[in-house]
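Visitor: I would like to learn how to read a few features of this structure, beginning with a single residue and working outward.
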Amino acid sequence: MNPVLPRRTLLAGAAAAPLVGFGRRARAQANTLRIGVLNDQSGPYRDTGGTTSAICCRQAVEEFGSQGFNVEVVTADHQNKPDLGASIAREWYDRNDVDMILDVPTSSVALAVAAVAKEKNKVHLNTGAATADLTGKACAPCIVHWSYDTYMLAKSTGGATVKAGGTSWYFITADYAFGQQLQRDTTAFVQAAGGKVLGASPYPFPGTTDFSSFLLQAQSSGAKVLGLCNAGGDTVNSIKQAVEFGLTKNGTMSIAAMLMFITDVNALGLDIAQGLSLTESFYWDLNDGTRAFTNRVKSKTPNNWPNMIHAACYAGTKHFLKAVAGLGIADAKKSGKAIVDKMKSMQTDDDCFGKNTIREDGLLLCPAYLFQVKKPSESKGKWDYYTTKVTSPAAEAWKPLNESGCAFVKA
Amino acid sequence: MTGFLARQGFSRAQGIAFVLMVVLIAVAPFQLYPVFLMKVLCFALFACAFNLLIGYVGLLSFGHAAYFGFGSYVAAWTAKNWGLSAEVAILLGGLTGAGLGTAFGWLAIRRLGIYFSMITLALAQMAYFFALQAPFTGGEDGIQQVPRAPLFGTISMQSDLHTYWLVAGVFILFFLLIHRVVHSPFGQVLKAIRENEPRAISLGYRVDSYKLTAFILSCFVAGIAGGTKSLVFGIATLTDVNFQMSGEVVLMTLLGGLGTIFGPVMGALIVTGMEQYFAQLGAWVTVMQGVIFVACVLLFRRGIVGEIGAKLKIIL
């Protein structure tokens, strides 16, 4: 490359400089691919996503190396505010030349960012949000949803638990759309597997911190499984109180948390979390691949080992980079849809999830695992928390395509 | 120009500041990101509406998010489902705010001080739970993918810059309205109520109806701000009705300067700017915000604009 800048370029640059202003407008470099990790870094989802997501994304970039283009990773904290998430996403796509936005937990923010991505024809690879609408009602040809959604959680935890002997259920449900939806979906799978739902206690959300009366109702119902259709701090509180009330003593009742991550189990501690069942699509100790991946990243995030969101950030970034390399950087920068089409046309292959495919509607089909949390006495070391109870193969774990309600697939 | 501004009740200093602000609004989109600026303007309008109550009537409403949020829900819903044009949707948002404000205000103005604040907070929380449960708001997903409805049904709002001029127009219009109200005889009575309510009563003013009118007006403008914001971003979500939003608008007003006409605008710029441009700091963002707020409260007791005004011995 000629290191001397042509004079005309310099002049044009000097003339344009005042126009650039202080808005930190990134120069559009044809040779640089930018990935923006947008998630909660200071609030309730700090550990389930947060900086570990960015670390896993950078790990993928590092392993990918240079294949004719540079890759930059930028991060931002959306503080779980949809308008903030949407405005950062817009600015990234419009001004900072970001080609893909990664992670984005919290369904409302995810849907807002997905709408921006659709409008700008840029890639949004969601690993953090639960809503199945991302590949359903709100689907778009430039969106990929990787790791989990409400349907898969309900099917795995609901259906598989019944098969493992948890035939009668009682729900404690956060009384808003997310909780209700989870309860509806899970009920359907429990009943389809031959189980019974004995009752449910919806509780006002947000603001409920005392779950004692609901727990007593659950206890007196005689159900074998207590299903928690809530998330975050509510799940943690209800589990703690259930243990204090002795619900799980002598194996009378087991708790199934509908949305929980290994990072939450770590926060609770095995003394409290033991016996819980939950679903994830990744666990560091599943096989040689997952162990190898975790060994590579754990020194970078020693207190927060990867959960399925983090693993998906790694695997998704890797697959995205492969697609861009296959397409050529120039074509890739032009169209998000082209990149995602390429991603869908190639089989995914990574240490975390193995070999899988991305379906037409943008959903990654990977196996789902029903885990049970180990007793403290069974745990041999740091983060040794899960035993695998049931594996749902990729073909069965997810919502069938004809039920997804994704408009562009039908067309 | 000067004659026009004087007739609107602008003092010389305020007139200069106003012209400066309009120039900045006109130049800013070519320097900064227009979507960010639109957000600032929406929040600035919201803070101005709030300031009308706290700054000029002395009523601390702790539930302004309800009017802002429902304004944005109604504007978003009507624009999406009825395909209304932008100005009608925004106006409906404002009317929703005013309607809600009439009901809530009628109850709340019967009490003073902290009790007034608590009643507004309680009513706003009711509105929040309604938004959480009602089917039309979409629960925690909110109303998504609201189209940017064309203005007057014809002028396309697809480009950010077009939308920006609309938002800037709405902002300046209602900013002038609030300024006009504050500097009218009606506004003088409001200030009298703020300074000494029993005296205003003894002078024969029906204080309650003045307060209620100001309250409704403030809620109307808050609804307008909410409606505008929902069309800019194409979403209306629970964040807008949450009590944290009520807190944020208090913060903006305090930071900029209570009872100054330009203070809330400055406050909105700072708070929104920090939120947007500190987002890259990750876990440090809330810490930095806290430090800056503490510093502002310690250094600028009257708010930033209030302090500048005091230095220059002018009222801004």
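Guide: Two residues are in contact if their C-beta atoms, placed from the backbone, lie within 7 Å. Please keep in mind throughout that this is a predicted model.

Visitor: With that cut-off, which residues is A:Leu226 in contact with, leaving aside its neighbours within four places in sequence?
Guide: A:Leu226 touches A:Tyr170, A:Ile172, A:Ala218, A:Ala242, A:Leu247, A:Met253, A:Ile255 and A:Ala256, once its neighbours within four places in sequence are set aside.

Visitor: How should I read the largest nonpolar core, and which residues have the most contacts inside it?
Guide: In soluble globular proteins, nonpolar side chains tend to be buried together. Here the largest nonpolar core has 232 residues, and those with the most contacts inside it are A:Val113 and A:Leu226 together with B:Ala44, B:Leu45 and B:Phe46. The element that gives the most to this core is α3(B), with 19 residues, while domain 1 (29–148 + 288–365) and domain 2 (151–279 + 367–396) of chain A each supply at least three residues.

Visitor: How many residues does each chain bring to the contact between chain A and chain B?
Guide: Chain B brings 28 residues and chain A brings 30 residues. On the side of chain B that touches chain A, the elements giving two or more residues are α3 (34–56), α6 (113–133), α10 (207–233), α12 (263–277) and α13 (285–299) of chain B. The largest share of that side, three residues, comes from α3(B), and by class the side holds 10 nonpolar, 13 polar and five charged residues.

Visitor: What are the helix and strand counts of chain B, and why can chain B be called as compact as a globular protein of its length?
Guide: Chain B has 14 helices and zero strands. Its radius of gyration is 19 Å, close to the 20 Å that the globule rule gives for 316 residues, so chain B is as compact as a globular protein of that length. The C-alpha trace of chain B spans about 50 × 45 × 40 Å along its principal axes, and 52% of the 316 residues of chain B count as buried. Among contacts in chain B between residues at least 6 apart in sequence, 77% join residues at least 24 apart.

Visitor: In which order do the strands of the open sheet of chain A lie?
Guide: Strands of a sheet pair through backbone hydrogen bonds, either parallel or antiparallel. In chain A, an open sheet of three strands has the order β11-β12-β13, with antiparallel pairing, and its edge strands, β11 (348–350) and β13 (364–365) of chain A, each pair on one side only. Three bridges join β11(A) to β12 (residues 354–358) of chain A, and A:Thr348 stands opposite A:Asn356 in β12(A).

Conventions. Residues numbered from 1 in each chain as written. Chains lettered and ligands numbered in written order. Predicted model: local features only at pLDDT ≥ 70, side-chain atom pairs only at ≥ 80, totals over all residues. Helix = DSSP H or I, 4+ residues; strand = E, 2+ residues; numbered from the N terminus. Nonpolar A, V, L, I, M, F, W, Y, C, P; charged D, E, K, R; others polar. Core = buried A, V, L, I, M, F, W, Y, C linked by C-beta atoms within 7 Å. Buried ≥ 20, exposed ≤ 12 C-beta atoms within 10 Å, placed from the backbone. Domains from an automatic or database assignment. Rg over C-alpha atoms; globule rule 2.2 N^0.38 Å. Pairing = 2+ DSSP bridges.
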